[in-house]
Structures are given as C-alpha cells and as structure tokens.
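Reader: Please show me the sequence and the model, so that we may discuss the fold in questions and answers.

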Amino acid sequence: MLIETHAHLDYPDFAHDFEDVLRRANEAGVARIITIGTSIESSRRAVDLAEKYSNIYAVIGVHPTYAEQAEEDVMTPLREFAKSRRVVAIGETGLDYHHLPSVEAAKGKKVQVFARALQGETEEEIEANIQDGSYKSRQASLFQQQLDLATELGFNVVIHQRDAWDDTLEIMRPYSGRLHGVFHCFGGTLEQANEVLDLGHLVSFTGIVTFKNGASVREVAAQVPLDKFMVETDCPYLAPAPFRGKRCEPAHTRLVAESIGTARSVSLEEVARATTATAETFFRFNRS
C-alpha cells in the first residue's frame, strides 16, 4: 500500500475523468491520496473532495505565490475548514522567491535589472528592490500565520520552498519542537536534507527521481534514512518517466517509489511499507 502525500485533485486538469483517476490510483496500490490546498478556494475544494471520497484527505493552506492576492484574513476560513475531520495538516505554505517582481519585470522588458555591475542604482532598480522586499514580507507573514495556526490546532505542516532556503529555515526554527514539517518536492542536496532532518522535519520526493537529469535527487533519496521521507507526485505536475510531458496523476506515486527502491537496492514493498508508516505518523488520519 502506498500513500500519495501531495496531489492537487481540485485542479481543473482532473475534472473530465476524476473517477478514472481514482480507479487507476487504487489499481496501482495507492490506497490514500492527500489533496493539497493552495488558496482559500482551493482549500475549500480540497475539503469538499475529502468529505465526499473515503480515500481522500485534505491539507489546507495558502501557497506563497498567492500571497499578494490572498485575503487580509486567511486564518478565519482556514480555522473553520480545520474543523473537518478529513483535514490532516496545514499547507502548502512557505516561501517562493523564484518569481520575484524584479525578475518578472526583467523578463517582461527583456533586460537584466541588476546586470549593471559597479554602477549606481537606477530608479528602476530601487523600485524593484522595494517591490521584492514587500513581496517577501507578505509571504513571510502568511507563512508565520499558518505555522501559528498549525501550532494552535496541533497539525503538522506541508512546506513549499523555492529559492528561499535560508529564510524558510530561519522562520521555522522558533517552532522547533512545537510542530513538524515535510519539505515537499525536495530537490536539494544531501547536506540540505540532513539540515531538515536535524531540525525534526521530513522530506518528500516526486517524479523528479525518475528523470534522466534527476540523478542528484535520486542519490539523496538513496541516502536519506528510510523512515525520514515520503513519496508524492505533486500532480498534475512533474509526471515521472515514461510519462514526462503528460498530466501526472496519483497512480504515478508507484513509479516514484519504484525508482527510489531501485536507487536504494530495496524492494518496492519495503519503500511502500516505510513511507506509509511515516505518512500515517505525520498526518492526522484518525482525528477524534
């Protein structure tokens, strides 16, 4: 039995064949699927799906890239959603600096805003720095609010981190011992993985471990202790080989686990048994 720990089943990608998607997951040995909220509306849809289907559970939260569009008060609706016994964690939340306003502005103008080395800052550069600072601050505030909510409610947290490693860990450190997180779609180094594990958190691997250019991630997956990681797809994204370029779905969790098993020279059954036990401990499946 496998647990798909990170799917986005509420996305329109699955609207036309949802029942078939669930059937294929079950046939692949994926017994439970955790669907992840990325906004208030997405979290509401995640809870609705979890309450309709016995093999689906929900994680509720606001993704960092939604920070600027998010309502002023996201905690009130999230706290209300959390009353559902089908909610098993808070997330995905975290920091994402990949699409900073300055970077997007530079792309739009086909110029590199910060490429003028040894020259004074232009007004455009100053404005870009201000916008970046505001964007990061909004993400940090949203992240901390959700960590506070998780602590209040006794949930663990699904962490999204992209190009913001140091800041993510800095925000999380004060919560050490009060909650645990899983760094989903982990693609960092073994040193970074160990840093996460040393803080009491977990990592989770996606179909990247099957990619030809995913050798470094496979190597990390081969060395992380067997009880310190989980498996996921992040579907509809990151379809594993041989489905690259197509829609990813929960059934592909099996391919992720098989690839990790091969990298570790252990059976699929051993990876499935360990990752399922870890997921059952991490997520609150049996809430009273």
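Author: The exchange below treats the sheet, the cores, the hollow spaces and some backbone details.

Author: This is a predicted model, in which local features need pLDDT of at least 70 and side-chain atom pairs count only at pLDDT 80 or more, while totals for chains, interfaces and linings use all residues. Residues are numbered from 1 along each chain as its sequence is written, and side-chain values use heavy atoms, with hydrogens and water left out.

Reader: In what order do the eight strands of the open sheet lie?
Author: Strands (E, at least two residues) and helices (H or I, at least four) are DSSP runs, numbered from the N terminus; two strands pair if DSSP finds at least two bridges between them. The pairing in this open sheet is parallel, and the order is β1-β2-β3-β4-β5-β6-β7-β8.

Reader: Which are the edge strands?
Author: An edge strand of this sheet pairs on one side only. The two that do so are β1 (2–7) and β8 (229–231).

Reader: Which residue in β6 stands opposite Val-158?
Author: Strand β5 (residues 157–162) pairs with strand β6 (residues 181–183) in the parallel sense, over three bridges. Opposite Val-158 stands Val-182.

Reader: What angle does the direction of helix α2 make with that of β3?
Author: Axes are lines fitted to C-alpha atoms, for helices over the stretch in contact, and angles run from 0 to 180 degrees between N-to-C directions. Contact means heavy atoms within 4.5 Å. Helix α2 (residues 40–52) packs on the sheet and touches β2 (30–36), β3 (56–60) and β4 (87–96). With the direction of β3, that of α2 makes about 160 degrees.

Reader: Which helix gives the largest share of the largest nonpolar core?
Author: A nonpolar core is a set of buried Ala, Val, Leu, Ile, Met, Phe, Trp, Tyr and Cys residues joined through side-chain atoms within 4.5 Å; buried means under 20% relative accessible area, exposed over 50%, and partly exposed in between (1.4 Å probe, protein chains only). The largest core has 76 residues, and Leu-9, Leu-78, Phe-183 and Phe-205 have the most contacts inside it. Its largest share, seven residues, comes from helix α5 (residues 123–153).

Reader: What volume has the largest pocket?
Author: On a 1 Å grid over the protein atoms alone, a pocket is an open set of points with protein on both sides within 12 Å along at least five of seven lines, whereas a cavity is a set where a 1.4 Å probe fits but cannot get out; lining residues have an atom within 4 Å of a point. Grid points are joined across faces, edges and corners, and a volume is the space filled by probe spheres set on the points. Of the 24 lining residues of the largest pocket, His-160, Gln-161, Arg-162, His-184 and Cys-185 lie nearest its centre. Its volume is about 610 Å³.

Reader: How much space lies in the largest cavity?
Author: The structure holds one cavity of 30 Å³ or more. The residues lining the largest cavity include Val-158, Val-182, Met-230 and Phe-283. The space in it is about 30 Å³.

Reader: Does Cys-185 count as buried, partly exposed or exposed?
Author: Cys-185 is placed in the loop between β6 and α7 (190–198), and its phi is positive, near 50 degrees. Because its relative accessibility is 22%, Cys-185 counts as partly exposed.

Reader: Which residue does a cis peptide bond join to Gly-91?
Author: Omega of this bond is about 0 degrees. The partner lies in strand β4 and is Glu-92.
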